[in-house]
Amino acid sequence: MRIVWRYTPDPQRLPEFLATYASDGVWAELFRQADGYLGTELRSLADGTYRTIDRWRSPDDYRHFRARFAPVYALLDEACAALTLDKRQETT
């Protein structure tokens, strides 16, 4: 299973965005605490946006992660909001 997000980073915070969303960034650190997490890939797109692809063994593994880590996920998501001008989920 893949969770795909597309981001338009704030140009003034691009280095911080890249570090945060990289395969060894804070999001991946959080995901690694859950069973079934297989990895994250950050891709730069030609239009200046970025895509993250988070891979999970199964939809159930991802649902369990979201339930177990909901408060931490919400806090991290709020803290990272300033790094982007736009974000949208593309697929689940």
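**Exercise 1. Work out how the axes of α3 and α4 are placed relative to each other.**

Solution. Step one: the axes of α3 and α4 come within 5 Å and cross at roughly 80 degrees. Axes here are lines fitted to C-alpha atoms, for helices over the stretch in contact, with angles running from 0 to 180 degrees between N-to-C directions. Helices (H or I, at least four residues) and strands (E, at least two) are DSSP runs, numbered from the N terminus.

Step two: give the angle a name. Under 35 degrees counts as roughly parallel, over 145 as roughly antiparallel, 65 to 115 as roughly perpendicular and the rest as oblique. α3 and α4 are therefore roughly perpendicular to each other.

Step three: see who touches whom, with contact meaning heavy atoms within 4.5 Å. From α3 come Y62, F65, R66, A67 and R68, and from α4 come A70, P71 and Y73.

A word on the model: it's a predicted one, where local features need pLDDT of at least 70 and side-chain atom pairs count only at pLDDT 80 or more, while totals for chains, interfaces and linings use all residues. Residues are numbered from 1 along each chain as its sequence is written, and side-chain values use heavy atoms, leaving out hydrogens and water.

**Exercise 2. Find which element gives the largest share of the largest nonpolar core.**

Solution. Step one: know the term. A nonpolar core is a set of buried Ala, Val, Leu, Ile, Met, Phe, Trp, Tyr and Cys residues joined through side-chain atoms within 4.5 Å. Buried means under 20% relative accessible area, exposed over 50%, and partly exposed in between (1.4 Å probe, protein chains only).

Step two: the largest core has 20 residues, and Y21, W27 and F65 are among those with the most contacts inside it. Elements giving two or more residues to this core include β1 (2–9), α1 (14–21) and α2 (26–31). The winner is α2, with four residues.

Step three: zoom in on Y21. Not counting residues up to four places away in sequence, Y21 touches Y7, W27, T40, L42, T52, C80 and L83.

**Exercise 3. Sort T52, T49 and A81 into buried or partly exposed.**

Solution. Step one: T52 lies in strand β3, and with a relative accessible area of 3% T52 is buried.

Step two: T49 sits in the loop between β2 (37–44) and β3. At 6% relative accessibility, T49 counts as buried.

Step three: A81 is in the loop between α4 and β4 (84–91). A81 has 45% relative accessibility, so A81 counts as partly exposed.
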